[in-house]
Amino acid sequence: GRGSTFTVTLCLQAQGAPAKTGTNLPGYSIQPQKILLVEDNALNLEIETEILRDLGVTGDTAADGQIAVEKVSASAPGAYDFVLMDIQMPTMDGWQAARAIRALPDPALAGLPIIALSANVFEGDVRTSIESGMDAHLTKPMDVPLLLKTVEEVLQKHGTYY
């Protein structure tokens, strides 16, 4: 008759159950996408990948900006629908990687939508992301409704809306 009572509600997917496709959030019509997720932190990568997978988004990963530039430059146009790019990474940061992607000789690859996903939240960071050629700047932790809204807006702007 003494102590605390805690109630925890968890929404879990049973192992072996089919993955969801698309989103179930009202007001969003984004369809599954193939993206390049660029993230150097293993734990963040695991969490972000799982969130995206639950939304029906699949793709490749890169551990730093240099690897991201190599993957984009070696890909066929249309292989990726957009890039979700961390900013602070070793070897080449997200801003440098965005500039390098924008400088690729193939206009289809150079025009690939890039969305920053970073813990950098200051106005100067957002401005640097846009000046580096990124289409949008989102903050961590990932806000799923805002991510979906931003992806829709960016894909509409690029004429690749699904």
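Let's start with helix α2: residues 65–74 lie across β1 (34–38), β2 and β3, and the helix runs at about 155° to β1. Keep in mind that this is a predicted model. Those three strands belong to an open sheet of five, ordered β2-β1-β3-β4-β5 and paired in parallel.

**The sheet**
- The edges go to β2 (58–62) and β5 (136–139), each with a single partner strand, so one side of each has no neighbour in the sheet.
- From one strand to the next, the twist averages 25°.

**Strand pairs**
- β1 and β2 run parallel and are joined by five bridges, with K34 sitting opposite T58 in β2.
- To get from β1 to β2, the chain goes through helix α1 (residues 42–54), and this β-α-β crossover is right-handed.
- β3 (residues 82–85) pairs with β4 (residues 114–118) over three bridges, again in the parallel sense.
- In that pair, V83 stands opposite I114 in β4.

**Helix α6**
- Does the length of α6 (residues 144–158) agree or disagree with 1.5 Å a residue? Its 15 residues should span 21 Å, and the end C-alpha atoms are 21 Å apart, so it agrees.
- Its buried residues are V144, L147, L148, T150, V151, E152, V154 and L155.
- What do those buried residues pack against? Their partners are α1, β3, β4 and β5.
- Just after α6 comes G159, which has a positive phi of about 75°.

Definitions and conventions
Residues are numbered from 1 along each chain as its sequence is written. This is a predicted model: local features need pLDDT of at least 70, side-chain atom pairs count only at pLDDT 80 or more; totals for chains, interfaces and linings use all residues. Side-chain values use heavy atoms; hydrogens and water are left out. Two strands pair if DSSP finds at least two bridges between them. Helices (H or I, at least four residues) and strands (E, at least two) are DSSP runs, numbered from the N terminus. Axes are lines fitted to C-alpha atoms, for helices over the stretch in contact, and angles run from 0 to 180 degrees between N-to-C directions. Contact means heavy atoms within 4.5 Å. A crossover is right-handed if, with the strands pointing away from the viewer, the path from the first strand over the helix to the second runs clockwise. The expected span of a helix is 1.5 Å times one less than its number of residues. Buried means under 20% relative accessible area, exposed over 50%, partly exposed in between (1.4 Å probe, protein chains only).
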